[in-house]
Amino acid sequence: MAIRAFRRELSAPTTAEQVFHAVFSSDDCLVWVDVSGPSKPPHSVLGRGELHELSGPDALEDLRRLWVANALELGKERVPLGLMVVLPYDLSALTLQHPGEWRVPEDWDEPLRVVALHQSISVDWSSGVATAWMRGDDEEDFDHEEFDHYVRRVEKALASRATPTSDVPQPAGRARWRDTPPAYRGMIASAREAIRDGEAYQLCVTTQVTVDSDLSDWQLHSLLRRVSPAPHQALLRLGGVSMVSASPETFLHLDRDRTLTTRPIKGTRPRGESEEDDQRLMTELLQSEKEQAENLMIVDLMRNDFLQVCAVDSVRVAGLFEVETFSTVHQLVSTVTGVLDEGYDGIDALRACFPAGSMTGAPKSRAVRLLTEWESGPRGIYSGAWGWLHPDLSMELAMTIRTAIFADGVVRIGTGGGITWSSQVDEEIAEVGHKAKSLLEALGVSTIAYS
């Protein structure tokens, strides 16, 4: 029996914020994704579903089975159902073939979280048209009456609830860094020593900051989608954990035609205080030999990862050293593409490429081992990946960077940077602060230790 997606257009225009407050605000298992970009009509998807937590050596195979079980019979239109996944950095213990003497740290225990969406609401930003979606059996067996009843409940909730204010109160946050700047300098020194000794070419050293803030997850998301829009923006509630992401980086994108794409970011400059200063910093980034070398190392690493699952003659660099500008930083971005070879699917691509080279360094396996020795705590969700496993077996995964994790009454933010032999320590320290700036300021932290 074919599983299909059914849709109903709501009777009145609305916004994503109105849908959230009227329908989903109290849910502890929630997906709210904002989609925008030059090739995509701006829209939001909000939905609820069933939360799965996968762990152990079979986690990726369990994810494959869950993905196949949620596949749908589809036409050309992209359906906002399927799986929303959050892959922790800890998953690298499964995907990397480490030397036998390397032991996975005991605190690498973050599960792979999956929300299986069986119903959702999409909202077109320009028209306000909202569409309810639900998966079900074929036309004859689908319960249309139940779906119509659900749509009427949503419309009634939207009609009866006042439009929420877009104002977010100014919070007063207090930040505690896991590593002081001098301690981070020590990790940079260790990385440069390892590079000098030939153990690695590049190492992505990271730290984390914990913030006490009165801001809720939805308030932070509402603020960031206005002041710091990004290609991959979401609020995800995952039981006792929430994450708010404004990620600029595409980890893996798999099209229906089996084209696989990654867009690693390596190279950062802050935005300038004036238009002239901004242009100077952008040009400086584009012409920096250090940043180009750092970016090129990760491009080569990702090409090598792609060659594990893609047809050899299909892997190519589609873009090299392109500057993309965001609200607080300029970034140096490259693009690698390939076509999945016969016998491989999205899970195989994930296994071959995770964790992303932009968050480890090169060579990847040795980099992960060294970073585990130096970094003073687990990365957890940070520097993993999140995104859609679509019901047509395509996928869109973002890097989990520029992301705030709400758990245990506090907010945690990971940040860091790639270290090469030519790295300037003061610049690397400042880059840590630049990358965390938009999130910390939104949470009410006025003074950033890394500057």
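**Notebook: aromatic pairs, salt bridges and cavities**

I began with Phe 142, which at 8% relative accessibility counts as buried. The model I am reading is a predicted one, and I keep that in mind for every entry below.

**Aromatic pairs**

I looked up the aromatic pairs and found that the structure holds seven of them. For the rings of Phe 6 and Phe 142 I noted centres 3.8 Å apart and planes at 5°, so I entered the pair as stacked. Phe 6 belongs to strand E1 (residues 4–9), while Phe 142 sits in the loop between strand E6 (130–136) and helix H4 (144–160), so this pair ties together parts that are 136 residues apart in sequence. Phe 6, at 5% relative accessibility, also counts as buried, since the cut-off for that label is under 20%. I then added Phe 147 to the entry, as Phe 6, Phe 142 and Phe 147 form one aromatic cluster.

**Charges over rings**

Next I checked for charged side chains above ring faces, and recorded Arg 192 over the face of Trp 421, at 4.1 Å from the ring centre. I recorded Arg 379 over the face of Tyr 89 as well, here at 4.3 Å from the ring centre.

**Salt bridges**

My next look-up was the salt bridges, of which the structure holds 37. I took the one between the side chains of Asp 345 and Arg 64, with 2.5 Å from N to O. It links distant parts of the chain, 281 residues apart, with Asp 345 in the loop between strand E15 (329–339) and helix H9 (346–353) and Arg 64 in helix H2 (residues 59–69). I noted the accessibility of both partners: Asp 345 counts as partly exposed at 25%, whereas Arg 64 counts as buried at 17%.

I also followed Arg 113, whose side chain meets that of Glu 110 in a salt bridge at 2.6 Å, N to O. Arg 113 is buried, with a relative accessible area of 6%, and Glu 110 counts as partly exposed at 25% relative accessibility.

Asp 212 and Arg 176 came next, a salt bridge in which the closest N and O atoms are 2.4 Å apart. Asp 212 lies in strand E8 (residues 202–212) and Arg 176 in strand E7 (residues 174–177), so that I could enter the pair as a link between distant parts of the chain, 36 residues apart. Asp 212 is partly exposed at 25% relative accessibility, and Arg 176 is partly exposed at 34%. I then noted one network, joined by salt bridges that share partners, whose members include Lys 266, Arg 269, Asp 277 and Glu 428.

**Cavities**

Finally I searched for enclosed space, and the count came to two cavities of 30 Å³ or more. I entered about 180 Å³ for the largest cavity, which is lined by 21 residues, with Met 359, Ile 401, Arg 402, Gly 416 and Lys 435 nearest its centre. Strand E13 (265–270), strand E20 (410–419) and helix H11 (425–442) are the elements that give two or more residues to this lining. By class, I noted eight nonpolar, seven polar and six charged residues in the lining of the largest cavity.

For the second largest cavity I entered about 130 Å³ and a lining of 16 residues, of which Ser 228, Ala 246, Thr 328, Arg 402 and Ser 438 lie nearest its centre. E15 and H11 each give two or more residues to the lining of the second largest cavity, and H11 gives the most, with four. The classes there are eight nonpolar, six polar and two charged residues.

Notes:
Residues are numbered from 1 along each chain as its sequence is written. This is a predicted model: local features need pLDDT of at least 70, side-chain atom pairs count only at pLDDT 80 or more; totals for chains, interfaces and linings use all residues. Side-chain values use heavy atoms; hydrogens and water are left out. Rings of Phe, Tyr and Trp (its six-membered ring) pair if their centres lie within 6.5 Å; planes under 30 degrees apart count as stacked, over 60 as edge-to-face and the rest as tilted. Buried means under 20% relative accessible area, exposed over 50%, partly exposed in between (1.4 Å probe, protein chains only). A charge sits over a ring if NZ of Lys or CZ of Arg is within 6 Å of the ring centre and within 35 degrees of the ring normal. A salt bridge is a side-chain nitrogen of Lys or Arg within 4 Å of a carboxyl oxygen of Asp or Glu. On a 1 Å grid over the protein atoms alone, a cavity is a set of points where a 1.4 Å probe fits but cannot get out, and a pocket is an open set with protein on both sides within 12 Å along at least five of seven lines; lining residues have an atom within 4 Å of a point. Grid points are joined across faces, edges and corners, and a volume is the space filled by probe spheres set on the points. Ala, Val, Leu, Ile, Met, Phe, Trp, Tyr, Cys and Pro count as nonpolar, Asp, Glu, Lys and Arg as charged, and the others, Gly among them, as polar.
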